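Q: I have a protein model in front of me and would like to learn how to read it. Could you take me through it step by step?

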Amino acid sequence: MSEVHPQEHDGHRHPGKQESPPTRAPLRHRLAHLLRPHSHETADKLDSALESSARGMRALWVSLLVLGVTALAQAVVVAVSGSVALLGDTVHNTADALTAVPLGIAFVLGRRAATRRFTYGYGRAEDLAGLVIVLTIAASAVFAGWTAVARLLEPRPMHHVPVVAVAALIGFAGNEWVARYRVRVGRAIGSAALVADGLHARTDGFTSLAVLAGAGGAAVGWQWADPVVGLAITAAIVLVLRDAAREVFRRVMDAVDPALVDRAERALRDVPGVRGVGELRLRWIGHRLRAEVAVVVDGEATVRQAHAIAVDAEHALLHAVPRLTAALVHADPAPVTGEEDPHHVLAHHMTV
């Protein structure tokens, strides 16, 4: 697409243009800021709060420490008791703890400024971290399942059943503490991602309680109870893997919620001077959304008038689409009967 009138926004400044003396914004723009500021509600705030906030980063590392200590305590009990259910839970807790490492690295990289080589910045580091997390969860599922099947084929008695029960309770307590901490900090800094991680930790805590069932079965002489619970935990890990893989795949393939596209189109159509909305694209880069759109304007409009309409369209998008931080707006003239499509010279470049 020929860029007759691009406007790229990151904040409200337009790099590359000579700075002009500050002018008082029109009344309608000032009223819009008063009634509809960029930050609307907690759920709509940028998840970049997690990468830029010291509290968010501290939450990651504290979670790593607590879950790491929990998994270590459980590992000691696994070595003594031989419980495969507790082993599966321990592996899962270890994997959850270690996911803080790639996430932390990705958040740090995401704060780096764009360069001439990485012109979009380093936000994609989070997608790479997501792939690492998916592989880690998959490995934990394979290991836990293989161990449980092996124990079914060669049953062994569980030793120190009371200690296993205590370790299961430790796993529940550790995950529940992490869940409460992540949710509290996530809501305080406006990070939906950290809140979701907290809720995930809570489900892991209930998985730890399932180990109690295996310990209870072993206490009454049911040797198969422990490996069966281990298989159930493996199934739970696979469900988490499915959801995580689907989300990461969508991000890697630049998928967005169609409702966001509808929301952006409605906002653009309400902009005075916009006669139609052409191609509209949204993509995630880390925790941030970017937009590229072509709007149709009056063909007789001057360059300055088309520029003003594009700026208003850009502004409307930033208010209407949560987490959108940059928009590239291209103004196309309204078609005239008998007039040749101005983009015809590009047609041979757009073949699939």
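A: Gladly! Let us begin with a definition: a residue is called buried if its relative accessible area is under 20%, and exposed if that value is over 50%. Keep in mind that this is a predicted model. Of the 352 residues in the protein chain, 43% count as buried.

Q: What share of the accessible surface belongs to carbon and sulfur atoms?

A: The accessible surface of the protein chain comes to about 19300 Å², and 63% of that belongs to carbon and sulfur atoms.

Q: How many helices and strands should I look for?

A: You should find 11 helices and three strands. Along the sequence, the pattern reads α-α-α-α-α-α-α-α-α-α-β-β-α-β.

Q: In which order do the strands of the sheet lie?

A: To read a sheet, ask which strands pair; two strands pair if there are at least two bridges between them. Here the three strands form an open sheet in the order β1-β2-β3, with mixed pairing. β1 and β3 are the edge strands, each pairing on one side only. Ignoring direction, neighbouring strands are turned by 15 degrees against each other on average.

Q: What does "mixed" refer to here, and which strands run antiparallel?

A: Take the pairs in turn. β1 (residues 276-285) and β2 (residues 288-297) run antiparallel and are joined by eight bridges. In this pair, Leu 280 stands opposite Val 293 of β2. β2 also pairs with β3 (residues 324-333), this time in the parallel sense, over nine bridges. There, Val 293 stands opposite Val 329 of β3, and Leu 289 stands opposite Leu 324.

Q: How does the chain get from β2 to β3?

A: Follow the chain from β2 through helix α11 (residues 303-320) and on to β3: this is a β-α-β crossover, and it is right-handed.

Q: And how many residues lie between β1 and β2?

A: Two residues lie between them, and the two strands form a hairpin. In the turn, Gly 286 has a positive phi of about 70 degrees. Look also for helix α10 (residues 258-269), which lies across β1 and β2 and runs at about 135 degrees to β1.

Q: Can we try a single residue: is Thr 70 buried or exposed?

A: Compare its relative accessibility with the cut-off. Thr 70 counts as buried because its relative accessibility is 6%. Thr 70 sits in helix α3 (residues 54-81). Leaving aside neighbours within four places in sequence, Thr 70 is in contact with Asn 93, Ile 170, Gly 171 and Gly 174.

Key
Residues are numbered from 1 along each chain as its sequence is written. This is a predicted model: local features need pLDDT of at least 70, side-chain atom pairs count only at pLDDT 80 or more; totals for chains, interfaces and linings use all residues. Side-chain values use heavy atoms; hydrogens and water are left out. Helices (H or I, at least four residues) and strands (E, at least two) are DSSP runs, numbered from the N terminus. A crossover is right-handed if, with the strands pointing away from the viewer, the path from the first strand over the helix to the second runs clockwise. Axes are lines fitted to C-alpha atoms, for helices over the stretch in contact, and angles run from 0 to 180 degrees between N-to-C directions. Contact means heavy atoms within 4.5 Å. Buried means under 20% relative accessible area, exposed over 50%, partly exposed in between (1.4 Å probe, protein chains only). Accessible areas come from the Shrake-Rupley method with a 1.4 Å probe; for residues, only the protein chains shown count as cover.
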